Amino acid sequence: MQSSIEIDRPAADVFAVISDFSRNPEWQSGMQSAVWTSDPPLRIGSTYEQVARFLGREVVTSFELVALDPGRSVTIESRQSSFPIRVTRAVEPLSPDRCRVTADVAGEPGGFFRVFGPLLRVVAQRSVRGDYHRLKELLET
């Protein structure tokens, strides 16, 4: 699933937010916390843990940074979760003060959530779109 949005901010400013996963709760729905479990700086192998609420359940996920193109894109994969997932967040400059952010999300629910697979795809897509609209509001205000 892919979602993108244009944001009236320089690409570097936007990348600074989308690559600092500890800021996820500021713009991602249901996100309760995201805490780095590795030391800075951001690099391949960096890790963090997040806690979110989804369908009335608490979901704890450990992530590892698996690809990094500084200022352009970052890819994470879950390492321990009932939602195996891979997410790439990319920023493309459109002008000095405008960029396009694209999220590419791939994964299949496991455990309790496996039963709801087809429904979860629809819910996840709607959630991702909403998250990136909140990111746009956060960065443009």
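The exercises below work through a predicted model of one protein chain. In this predicted model, local features need pLDDT of at least 70 and side-chain atom pairs count only at pLDDT 80 or more, while totals for chains, interfaces and linings use all residues. Residues are numbered from 1 along each chain as its sequence is written, and side-chain values use heavy atoms, with hydrogens and water left out.

**Exercise 1. Confidence**

Task: find where in the protein chain confidence is lowest and where it is highest.

Solution. Start with the scale: pLDDT is the predictor's confidence in each residue, from 0 to 100. The protein chain averages 89, and 87% of the residues score at least 70. By element, the lowest mean is 81, in α2, and the highest is 98, in α1. Where pLDDT is low, the predicted coordinates should not be read in detail.

**Exercise 2. Elements and sheet**

Task: list the elements from the N terminus on, then give the order of the strands in the sheet.

Solution. Helices (H or I, at least four residues) and strands (E, at least two) are DSSP runs, numbered from the N terminus. The protein chain has 2 helices and 7 strands, and its elements run β-α-β-β-β-β-β-β-α. Next, the sheet: two strands pair if DSSP finds at least two bridges between them. The 7 strands form an open sheet in the order β1-β7-β6-β5-β4-β3-β2, with antiparallel pairing. Its edge strands are β1 (2-7) and β2 (31-36), each of which pairs on one side only. From one strand to the next, the twist averages 20°. As a detail, β1 pairs with β7 (residues 98-107) over 6 bridges, and Glu-6 stands opposite Arg-100 in β7.

**Exercise 3. Helix α1 and the core**

Task: state which strands helix α1 lies across and which element gives the most to the largest nonpolar core.

Solution. Helix α1 (residues 11-18) lies across β1, β4 (57-69), β5 (73-80), β6 (85-95) and β7. It runs at about 165° to β6; axes are lines fitted to C-alpha atoms, for helices over the stretch in contact, and angles run from 0 to 180 degrees between N-to-C directions. A nonpolar core is a set of buried Ala, Val, Leu, Ile, Met, Phe, Trp, Tyr and Cys residues joined through side-chain atoms within 4.5 Å. The largest one has 25 residues, and those with the most contacts inside it include Val-14, Ile-18 and Leu-135. Helix α1 gives the most, with 5 residues. Contact means heavy atoms within 4.5 Å. Not counting residues up to four places away in sequence, Ile-18 touches seven listed partners, among them Trp-27, Val-91 and Leu-135.

**Exercise 4. Two polar residues**

Task: decide whether Ser-3 and Asp-131 are buried or exposed.

Solution. Buried means under 20% relative accessible area, exposed over 50%, partly exposed in between (1.4 Å probe, protein chains only). Ser-3, in strand β1, has a relative accessible area of 11% and is therefore buried. Beyond its neighbours within four places in sequence, Ser-3 is in contact with Val-101, Thr-102, Ala-103, Val-128 and Arg-129. Asp-131 lies in helix α2 (residues 117-140); its relative accessibility is 6%, so Asp-131 counts as buried. Not counting residues up to four places away, Asp-131 touches Trp-27, Gln-28 and Ser-29.

**Exercise 5. A peptide bond**

Task: identify which residues a cis peptide bond joins.

Solution. The bond joins Pro-40 and Pro-41, with omega about 5°. Pro-41 is found in the loop between β2 and β3 (47-54). Most peptide bonds are trans.
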